[in-house]
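Good morning, everyone, and thank you for making the time. Please take a moment with the sequence and the model before I go through a few features one by one.

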Amino acid sequence: MSSSENYDLENGEIVKSVSPEKMRESLLRTRSQTDDLSLSPVRFRILRDFLANVRKVVFETKLFVLFPAVPMAFVAHCYSFGRPWIFALSLIGLTPLAERLSFLTEQIAYFTGPTVGGLVNATCGNATELIIAMFALHKRKIHVLKYSLLGSIISNLLLVLGSSLLCGGIANVNKEQKFDHRQADTNTLLLLLGLLCQIAPLLYNLSSVDSPKSDGSAVLQLSRTSSIVMLIAYVAYLFFQLKTHSQLFGSEEDVEDDDEHEELDKETASIGVRSAFIWLCVMTIIISVLSEYVVGTIEDASKTWGLSVSFMSIILLPIVGNAAEHAGAVIFAFKNKLDISLGVALGSASQILMFVVPLCVITAWIMGIQMSLDFGLLETGCLAFSIFLTAFTLQDGSSHYLKGVTLILAYVVTGACFFVQHVPFGKPITLTLFVDIF
């Protein structure tokens, strides 16, 4: 028997002994293989999580078929396609992005708690409208800015809320639909205050139109003061909604079971907070680029298609920006949860009127741009009519499909008003221009 072999007395087998050098090589090789195996699952796990996030963010929405319009808009801009094509593709691409932006803010709200989550939703809920408004302000297209914000408010009050009441009434035609009118009263009160702040510069212009000493400085000062008041009122509204009277802004079941389901809600988040934040930043950047394309090409598209800038800004742009609110409000109305539908429609309108509009005025003031709250006679009249009609519709705390039909038909008439209005490009929206057109 050689020296390199040992006899196993217990098993009766001959076992070859291994030299120390070979033992060290074997251990090093085994350790290296173990490290490779430990790193491989980590790499696969990161890739698997990324693909899972892509599936949840991009493909788990019924609007994912519109996502190809996003790269097509980039290609159309890089290769200088027709500007109307760039506008159309950008507008289509903004639709799923706006819906996914709302989804991501909801995912972040799962981890931040109700207070911070409410602030995130209040800030990002109308991010598309805010980004479009800021690019319009940067390009000195004040008329596009005013039209888009005004159209978003009217769309939420008449189209989104009207569709919700109509669909909810049809789906629950044999049931009595009730909602807490206190929430509607709070939002209506805020909207009426915003209407007063917005109508004051218009009334001042009408009262001083024949005065030889009248100029635009007084209207600007009044608008900026009113904007500060509106922002203060909106901060008070947030404190009222999130702190002192939060029970008014949720369904009764949610208020009663809030403590019991707090941990369960955190577990139902589709993606992690870090992934949601990264996706939120990416979506915001893409929306910013497409918003710049929309603002830069809207006038060329208006000339090519024969549609007025007012109609495209008040009707087309808000439909894209309110896609998430529209879908969510209708779904909740189908489930006979009108409190949530009202919170979506009225809350979004209040955010734009009391936060986005005065923020644009203050930002224009800082940039040295003269922007007032005088939106024009026809525009302010349509806004006032929309707020009053909504207030009368919701005053009794009940709903049926006829109320939805009324609001939708009112939106059709409002759209027809701006469809026949052709405002010359670059001219300010004043009473004199309104008289000259008609």
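**Helices, salt bridges and a surface patch**

Let me begin with helix α7, where the buried residues are Val219, Leu220, Ser223, Arg224, Ser226, Ser227, Met230, Ala233, Tyr234, Tyr237, Leu238 and Leu242. I should say at once that this is a predicted model, so please hear everything that follows with that in mind.

Staying with α7, which covers residues 216–244, we can ask how its span compares with what its 29 residues should give at 1.5 Å a residue. The expected span is 42 Å and the end C-alpha atoms lie 41 Å apart, so the two values agree.

A similar check can be made on helix α14, residues 377–393, whose 17 residues reach 24 Å from the first C-alpha to the last, close to the 24 Å expected. Among the buried residues of α14 are Leu378, Cys382, Leu383, Ile387 and Leu389, and the list also includes Glu379 and several threonines, namely Thr380, Thr390 and Thr393.

Now to the charged side chains. In general, side chains of opposite charge can pair when their charged atoms come close. How many salt bridges does the structure hold? There are two.

One of them joins Arg83 to Asp300, with the closest N and O atoms 2.3 Å apart. This pair links distant parts of the chain, since Arg83 sits in helix α3 (residues 83–124) and Asp300 in helix α10 (residues 273–305), 217 residues apart. Arg83 counts as partly exposed because its relative accessibility is 38%, and Asp300 is likewise partly exposed, at 27%.

The other bridge is formed by the side chains of Asp396 and Lys403, at 2.8 Å from N to O. Is each partner buried or exposed, or somewhere in between? Asp396, at 46% relative accessibility, counts as partly exposed, whereas Lys403, at 12%, counts as buried, because buried means under 20%.

Next, a point about the backbone. Most residues other than glycine have a negative phi. Arg140, however, has a positive phi, near 65°, and Arg140 is placed in the loop between α4 (127–138) and α5 (142–171).

Finally, let us turn to the surface, where Val75, Tyr79, Phe81 and Trp85 make a nonpolar patch of about 510 Å². Of these residues, Tyr79 lies in the loop between α2 (69–78) and α3, and Tyr79 counts as exposed because its relative accessible area is 62%, where exposed means over 50%.

Conventions. Residues are numbered from 1 along each chain as its sequence is written. This is a predicted model: local features need pLDDT of at least 70, side-chain atom pairs count only at pLDDT 80 or more; totals for chains, interfaces and linings use all residues. Side-chain values use heavy atoms; hydrogens and water are left out. Helices (H or I, at least four residues) and strands (E, at least two) are DSSP runs, numbered from the N terminus. The expected span of a helix is 1.5 Å times one less than its number of residues. Buried means under 20% relative accessible area, exposed over 50%, partly exposed in between (1.4 Å probe, protein chains only). A salt bridge is a side-chain nitrogen of Lys or Arg within 4 Å of a carboxyl oxygen of Asp or Glu. Patches are made of residues with over 30% relative accessible area and no salt bridge: like charges are joined within 9 Å, nonpolar side chains (Val, Leu, Ile, Met, Phe, Trp, Tyr) within 5 Å. Accessible areas come from the Shrake-Rupley method with a 1.4 Å probe; for residues, only the protein chains shown count as cover.
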